[in-house]
Amino acid sequence: MKRISKMVAAASLSALAAMAAAQTGARQQTSAAAQQVLWDKLVSQVRDTDRNLDGAMGVALEDLTTGQKFLLHEDEVFPQASSIKIAVLAELYHQEQLSAGGASGKAKLTDLYTVNAEDLVQDSDIMSGLTPGVTRVTNRDLATMMVAVSDNSATNVLIDRLGMESVNALLDSLGLAHTRLRRKMMDLKAASEGRENISTPLEMMTLLEQIYRGKVLNKEMTDDFFKMLSTHKYSAISRDLPEGVRSADKPGELEGVRTDSGIVFAANRPYVISVMTTYLHNERDGAEAIARISVAAYSLFDRLGRASEHGRVVSTSNGSNAH
């Protein structure tokens, strides 16, 4: 009799466990379906922006929490303008890490450079104001100028110190065959010959995702890389986001071209965003399209990061509406 009672109890517990598992599965399915509704609305907004743009556009978005992606013309090759500086920055940190590990002949963040008038090119707001032959700065200083104000002279010095072939070798090691550094900044002769710095939305997204996940740099270097890339700057991605939202991105501008790629660290829900435009009738329209997509993406990930699995947001303010 006791054995039968135990069997009945065990069966009851098993049934309860199965019921609980089924309820949990149903909740998760409902939650996933609700979240997909938000994704679908984001996709609709991106596609509307693409249709209304007088030019060509590519987009790559990735939720770094779940790995979910949205891709539009993701394999098309676009001119990068200053967005290619993300790859230059990645190689600088890569060489710093190699140097710290004992490798010789690699650039370090602390290496000094004395300003040389022959290195100065257009769009060098900081470098052109320094005193040639006197002012000394570090590679970290050059990188800060490159990221914050897109200083082209600082970028070219770093390219010389790192080696263009080394930047491309890093990209090759990550399988990014369509992302190429093929000329220095303001090299109009190279540009006229078709040697443009290029990438695709998918490959720029992949580069940033690989760095974020620690597949390129160790944790210390990864954290410092994104701290550097988050240096305050004007960009289409960050322009209309709420104040205080951290955006590690690098915009690019050329005639007929607007690009921007980076990681936005939305609370509890960071994501990669890469938007590239070219053949623009009006460059301002390209920047507006990038900003519009950035706001739409942030709206999604901000809500996902603040909400429960059912979409409930519990506000910490006293004015929350609880009924």
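**Exercise 1. Determine where D151 lies in this predicted model, whether its side chain is buried or exposed, and what its charge and its oxygen atoms meet.**

Step 1. Locate the residue: D151 sits in the loop that runs between α3 and α4 (152-162).

Step 2. Consider its surroundings: D151 is buried yet takes part in no salt bridge, the nearest side chain of opposite charge being that of K85, at 7.4 Å. A salt bridge requires a side-chain nitrogen of Lys or Arg within 4 Å of a carboxyl oxygen of Asp or Glu, so a separation of 7.4 Å does not qualify.

Step 3. Look for another partner: the side chain of D151 reaches the backbone nitrogen of I126, at a distance of 3.1 Å.

**Exercise 2. Describe the salt bridges formed by D224, K189 and R239, and state how accessible each partner is.**

Step 1. Begin with the principle that side chains of opposite charge can pair when their charged atoms come close. In this model the count comes to 16 salt bridges.

Step 2. Take D224, whose side chain meets that of R140 at 2.9 Å, N to O. This pair links distant parts of the chain, since R140 belongs to helix α3 and D224 to helix α8 (residues 219-229), 84 residues apart. R140 is partly exposed, with a relative accessible area of 32%, whereas D224 is buried, at 16%.

Step 3. Turn to K189, which forms a salt bridge with E193 at 2.6 Å, N to O. Here K189 is exposed, with a relative accessible area of 57%, while E193 is partly exposed, at 44%.

Step 4. Finish with R239, whose partner is E288, the closest N and O atoms lying 3.1 Å apart. Because E288 is in helix α10 (residues 283-306) and R239 in helix α9, this pair ties together parts that are 49 residues apart in sequence. E288 counts as partly exposed at 30% relative accessibility, and R239 is likewise partly exposed, at 29%.

**Exercise 3. Characterise the largest pocket by its volume, its lining and the elements that contribute to it.**

Step 1. Start with the space, which is about 510 Å³ in the largest pocket. Of the 25 residues that line this pocket, S82, K85, D123, S150 and E253 are the closest to its centre.

Step 2. Assign residues to elements: α3 (139-148), α6 (188-192) and β7 (247-254) each supply at least two residues of the lining, and β7 gives the most, with 5 residues.

Step 3. Sort the lining by class, which yields 11 nonpolar, 5 polar and 9 charged residues.

Methods:
Residues are numbered from 1 along each chain as its sequence is written. This is a predicted model: local features need pLDDT of at least 70, side-chain atom pairs count only at pLDDT 80 or more; totals for chains, interfaces and linings use all residues. Side-chain values use heavy atoms; hydrogens and water are left out. On a 1 Å grid over the protein atoms alone, a cavity is a set of points where a 1.4 Å probe fits but cannot get out, and a pocket is an open set with protein on both sides within 12 Å along at least five of seven lines; lining residues have an atom within 4 Å of a point. Grid points are joined across faces, edges and corners, and a volume is the space filled by probe spheres set on the points. Helices (H or I, at least four residues) and strands (E, at least two) are DSSP runs, numbered from the N terminus. Ala, Val, Leu, Ile, Met, Phe, Trp, Tyr, Cys and Pro count as nonpolar, Asp, Glu, Lys and Arg as charged, and the others, Gly among them, as polar. Buried means under 20% relative accessible area, exposed over 50%, partly exposed in between (1.4 Å probe, protein chains only). Lys and Arg count as positive and Asp and Glu as negative; His and the chain ends are not counted. A polar contact is a pair of N or O atoms within 3.5 Å; within protein, one must be able to donate a hydrogen and the other to accept it, and residues adjacent in sequence count only if both atoms are side-chain atoms.
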